[in-house]
Amino acid sequence: MAETIDESKNVELTDDDLENKSKGGLIKMAGMLRDRRNELNQMASERASKRDELNAKTREKVDEAQQHREKRDELNEQVQEHKEQRNELNAQANELFSEVDDAKSDLDLDDGKSMEQLKEEIEQLEFRQQTEVLSTEDERELIEKIENKRDQYQERKSKLDDTDGIDEVKAEAQEVRAEASKHHQKVTELADEAQEHHNQMIEAYREADDIRDEADEWHEKFVDAQEAADRHHEDFVRVQKRLREMDKAEEEERKDERAAKREEAKEEAEEIYQKFKEGETLDTEDLMKLQKSGLL
């Protein structure tokens, strides 16, 4: 930050100085006022240059912040586009998965035992039939269970054979969901990038404010120096005016003195001429005075 003006170096001019100082004293004061004015003008110029330099940096920071703002807004638009595509794809996937669930519900595939369970139970029952000694009644009951399990197995197998179309829909749903995930990933990446530009925009604006504050301080210092320079210039002009008045007064005084001397010489020449007419003898000096006056 620029140093404050050293007030002790300023030149103070009072009305008493103008009225009562000698011409030599006023000439000296005019020189001091002129030198201090020039020094203050130089100081003001340097401070104005520093202010202008900081204002230029402020504009650069504002431009930088604006660039980040535009990039952030551009990225946010892309985020919105990918969000819309993601939501649209998720909605499609949900519909497809709903179709799969409905189809499974129609086939009761989610109810009852799996084919593996039924096959295992059939094998266990057949093993009993082959290894155990059963009564006729128990064997007939066991055979009925085996047949019943085989019927369940075949029914389940038939239903599963009808699920090829469901698997295709499920695969399509999973593919659509995967595509939606890609858009979601893009949303996350772009949103992070947009946030980074937002943070950089905020930082650039903050730096611009700090630089602008410093530029304002330099402007105040410039104004102080310029006002001090202007005051010294005004006082310099006042002293110059007073000196011109004194020169004019001195010239008038000299003019009056010259006129008085001419009048005195004229009167003396007329007296000498009168003596000449009366026949008095004139010396060389008297003759020269007559010649100078034009009477001879």
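The exercises below work through side-chain contacts, one pocket and one distance in a predicted model.

**Exercise 1. Salt bridge within helix 2**

Task: Find how the side chains of E39 and R36 meet, and state whether each residue is buried or exposed.

Solution.
- Step 1. A salt bridge needs a side-chain nitrogen of Lys or Arg within 4 Å of a carboxyl oxygen of Asp or Glu. For E39 and R36 the N to O distance is 3.0 Å, and the two side chains meet in a salt bridge.
- Step 2. Both residues belong to helix 2, which covers residues 23–107. Because E39 and R36 are 3 residues apart there, about one helical turn separates them.
- Step 3. Buried means under 20% relative accessible area, and exposed means over 50%. R36 has 4% relative accessibility, so R36 is buried. E39 has a relative accessible area of 37%, so E39 is partly exposed.

**Exercise 2. A second pair in helix 2**

Task: Describe the contact between E74 and K71, and say how many residues apart they lie.

Solution.
- Step 1. The side chains of E74 and K71 form a salt bridge, with 3.8 Å from N to O.
- Step 2. Both lie in helix 2, and the spacing of 3 residues is about one turn of the helix.
- Step 3. E74 is partly exposed at 39% relative accessibility, and K71 is partly exposed at 29%.
- Step 4. Elsewhere, salt bridges with shared partners join K23, D247, E250, E251, R254 and R258 into one network.

**Exercise 3. A salt bridge between two helices**

Task: Which parts of the chain does the pair of E207 and K61 link?

Solution.
- Step 1. E207 and K61 form a salt bridge, and their closest N and O atoms are 2.6 Å apart.
- Step 2. E207 is in helix 5 (residues 164–277), while K61 is in helix 2. The two residues are 146 residues apart, and the pair links distant parts of the chain.
- Step 3. With a relative accessible area of 25%, E207 is partly exposed.
- Step 4. Over the structure, the count comes to 27 salt bridges.

**Exercise 4. Aromatic rings**

Task: State how many aromatic pairs the structure holds, and which residues lie over the faces of F236 and F222.

Solution.
- Step 1. The number of aromatic pairs is 0.
- Step 2. A charge sits over a ring if, among other conditions, CZ of Arg is within 6 Å of the ring centre.
- Step 3. R37 lies over the face of F236, 5.0 Å from the ring centre.
- Step 4. R51 lies over the face of F222, with 4.9 Å to the ring centre.

**Exercise 5. The largest pocket**

Task: Give the space in the largest pocket, the helices that supply its lining, and the kinds of residue found there.

Solution.
- Step 1. The largest pocket holds about 170 Å³ of space.
- Step 2. Its lining consists of K261, E264, A265, K266, E268, A269, K289, K292 and S293.
- Step 3. Helix 5 and helix 6 (284–293) each supply at least two of these residues. The largest share, 6 residues, comes from helix 5.
- Step 4. Sorted by kind, the lining has 6 charged, 2 nonpolar and 1 polar residues.

**Exercise 6. Sequence and space**

Task: Locate Q124, then give its distance from L89 in sequence and in space.

Solution.
- Step 1. Q124 is in helix 3 (residues 115–131).
- Step 2. At 48% relative accessibility, Q124 is partly exposed.
- Step 3. Q124 and L89 are 35 residues apart in sequence. In space, they are 48 Å apart from C-alpha to C-alpha.

Note on methods: Residues numbered from 1 in each chain as written. Predicted model: local features only at pLDDT ≥ 70, side-chain atom pairs only at ≥ 80, totals over all residues. Heavy atoms only, no water. Phe/Tyr/Trp six-rings, centres within 6.5 Å; stacked < 30°, edge-to-face > 60°. Lys NZ or Arg CZ within 6 Å of the ring centre and 35° of its normal. Helix = DSSP H or I, 4+ residues; strand = E, 2+ residues; numbered from the N terminus. Buried < 20%, exposed > 50% of the residue type's maximum accessible area, 1.4 Å probe, protein only. 1 Å grid on protein atoms, 1.4 Å probe; cavity = no way out; pocket = protein on both sides within 12 Å on 5 of 7 lines; lining within 4 Å. Points joined across faces, edges and corners; volume = space filled by probe spheres on them. Nonpolar A, V, L, I, M, F, W, Y, C, P; charged D, E, K, R; others polar.
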